[in-house]
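Reader: Please take one chain of this model and give me a close look at its strands, and at what it offers to its partner chain. Keep it brisk.

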Amino acid sequence: MATAELVLGLLSAGPAHGYDVKRGHDTWFPDSRPLAFGQVYTTLGRLERDGLVEVVDKTAGGGPDRTVYALTSKGRDHLSDWLSDPVPPAWGSADEVLRKLVAAIRTGGDAAAFLARQRASHLRRIRELRETPAEDDPTSPLVREYIVAHLDADLRWLDSALEHISDQREAHP
Amino acid sequence: MTGLMAAPPALELSGVKYSYRRNTALRGVSLRIKSGEVVAITGASGCGKSTLLHCAAGILSPHYGTVRLAGQDVAALPEEERARLRRTKVGIVLQFGQLVPDLSLLDNVALPLLLDGHERAEAQETARGWLEQVGIADEAEAVPAELSGGQTQRAAVARALVTGPSVVLADEPTGSLDSRAGQELLDVLLKSARYRGAALVMVTHDNLVAASADREIRLRDGVIQHEVVL
């Protein structure tokens with residue numbers, strides 16, 4: 001996950017504390033997993049080491065939460081490159097649903113029952129998302145649609161997996 | 001001990017079987033749906049979901065098993081009574097609206113009431129209220145050819161609900177619409193069914209429609225494969 005580049009993006013509007021970076025991230029990506037404070041400070045430390053951000057203010061004796069970071073020109077160039085590069089398409093990422101399904105089939109578990117429960121879990125998540133309107137800002141509806149479209153794609157795959165397993169069960173009872 | 005008798009399910013199917021000439025579509029399906037409940041019937045093409053809906057609607061008569069509407073065995077009723085029960089207790093929304101092309105929207109929506117013997121003025125007033133409820137009151141005088149797909153489906157929802165049915169059956173209600181119009185139609189359908197306290201049964205292959213249900217019943221080869229509460 002490109003947390004480092006996102007942090008650069010969040011600093012592009014001006015110098016900020018780690019706390020503001022975290023808050024900004026969570027606003028940009030509602031419905032997603034919030035960014036942990038620990039990860040923010042680790043990332044800022046690494047970016048500072050690489051010369052992509054710099055400390056512009058620090059309260060004496062204060063910890064990382066009292067430090068204000070700003071983008072360097074090198075950081076700005078890095079961000080610009082990152083924003084223009086296409087993302088390579090994922091190939092065969094083994095996410096946990098696939099891992100569990102393969103393991104269930106390989107170990108003689110009840111794969112069909114697992115798939116039915118997984119479908120229900122995905123359907124519930126879509127309903128939760130649709131019941132709360134997305135924030136009225138330029139990007140929140142896009143984030144929401146992206147998540148729903150991916151859940152929908154997962155569900156279509158879960159459907160065909162369920163059919164596949166049922167066909168196999170009938171062919172080899 | 002005194003107490004209220006439990007209300008019968010809005011819709012109950014027991015051991016329903018149905019075959020087309022060479023093809024068995026339903027092999028013994030039993031289900032109970034309560035008033036106010038929203039149920040999605042899902043499954044691959046050809047699994048029997050539309051046949052199930054048509055049996056529930058009384059469009060097809062099951063070869064075995066029973067269909068009960070509000071506790072009444074539909075097949076046991078005399079023909080006239082059965083037709084009246086279907087007209088007044090069941091609302092149907094099909095994929096392409098199936099409106100009468102020569103009638104205005106207002107008359108299309110009023111039609112089930114007119115067939116049930118209501119006065120024209122009264123039927124039109126009720127129909128107008130439903131057109132308002134589904135957000136197309138301004139199109140009351142238009143004929144179906146003048147409407148978008150989304151507006152046609154909204155009119156179909158209004159027509160399905162105008163008699164105050166206890167069960168609304170919808171066969172791929174958003175199937176002919178793009179995703180935004182489909183979502184708007186779904187919202188109208190859910191809101192209208194809830195407003196009436198009617199049970200809503202939607203046959204769908206659309207996961208976004210299924211996600212709005214309280215329960216998913218999945219069919220495979222004419223039997224229930226699984227049922228999950230959402």
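Author: What follows starts with chain B as a whole, then walks along its paired strands and ends at the contact with chain A.

This is a predicted model. Chain B holds seven helices and ten strands. Its radius of gyration is 17 Å, close to the 17 Å that the globule rule gives for 230 residues, so chain B is as compact as a globular protein of that length. Along the principal axes, the C-alpha atoms of chain B fill a box of roughly 45 × 45 × 45 Å. Of the 230 residues, 45% count as buried. Contacts in chain B often link distant parts of the sequence. Take those with a separation of 6 or more: 69% of them join residues 24 or more positions apart.

Now the strands. Start at β7(B), residues 167–171. This strand pairs with β8(B) in the parallel sense, over five bridges. B:V167 stands opposite B:A199 of β8(B). How does the chain get from β7(B) to β8(B)? It passes through helix α6(B), residues 179–196, and this β-α-β crossover is right-handed.

β8(B) covers residues 199–203, and five of its five residues are buried. The side chains split by direction. B:A199, B:V201 and B:V203 point one way. B:L200 and B:M202 point the other way. Buried here has a set meaning: 20 or more other C-beta atoms lie within 10 Å of the residue's own. Residues on both sides of β8(B) meet that mark.

β8(B) has another partner, β3(B). These two strands also run parallel, over four bridges. Here B:A40 has B:M202 of β8(B) as its bridge partner.

Move on to β3(B), residues 38–42. Besides β8(B), β3(B) pairs with β9(B), in the parallel sense and over four bridges. B:V39 stands opposite B:R215 in β9(B). So the walk can be retraced by pairings: β7(B) with β8(B), β8(B) with β3(B), and β3(B) with β9(B).

The next step changes sense. β9(B) and β10(B) pair in the antiparallel sense, over six bridges. One of the bridges joins B:L219 to B:I224 in β10(B). The two strands form a hairpin with two residues between them. In that hairpin, B:D221 takes a positive phi near 50°.

One helix deserves a stop as well. α1(B), residues 49–57, is mostly covered, with eight of its nine residues buried. Among the buried residues are B:L52, B:L53, B:C55, B:A56 and B:A57. B:K49, B:T51 and B:H54 are buried too. After α1(B) comes B:G58, with a positive phi near 85°.

Last, the partner chain. The contact takes eleven residues from chain B and eleven residues from chain A. On the chain B side, the elements that give two or more residues are α7(B) (207–210), β9(B) (215–220) and β10(B) (223–229). The largest share, three residues, comes from α7(B). By type, the chain B side divides into six nonpolar, three polar and two charged residues. The hairpin strands thus appear twice in this account: β9(B) and β10(B) pair with each other, and both give residues to the side that touches chain A.

Technical notes:
Residues are numbered from 1 along each chain as its sequence is written. Chains are lettered from A and ligands numbered from 1 in the order in which they are written. This is a predicted model: local features need pLDDT of at least 70, side-chain atom pairs count only at pLDDT 80 or more; totals for chains, interfaces and linings use all residues. Two residues are in contact if their C-beta atoms, placed from the backbone, lie within 7 Å. Ala, Val, Leu, Ile, Met, Phe, Trp, Tyr, Cys and Pro count as nonpolar, Asp, Glu, Lys and Arg as charged, and the others, Gly among them, as polar. The radius of gyration is taken over C-alpha atoms; the globule rule is 2.2 Å times the number of residues to the power 0.38. A residue is buried if 20 or more other C-beta atoms lie within 10 Å of its own, exposed if 12 or fewer, and partly exposed in between; C-beta atoms are placed from the backbone. Two strands pair if DSSP finds at least two bridges between them. A crossover is right-handed if, with the strands pointing away from the viewer, the path from the first strand over the helix to the second runs clockwise.
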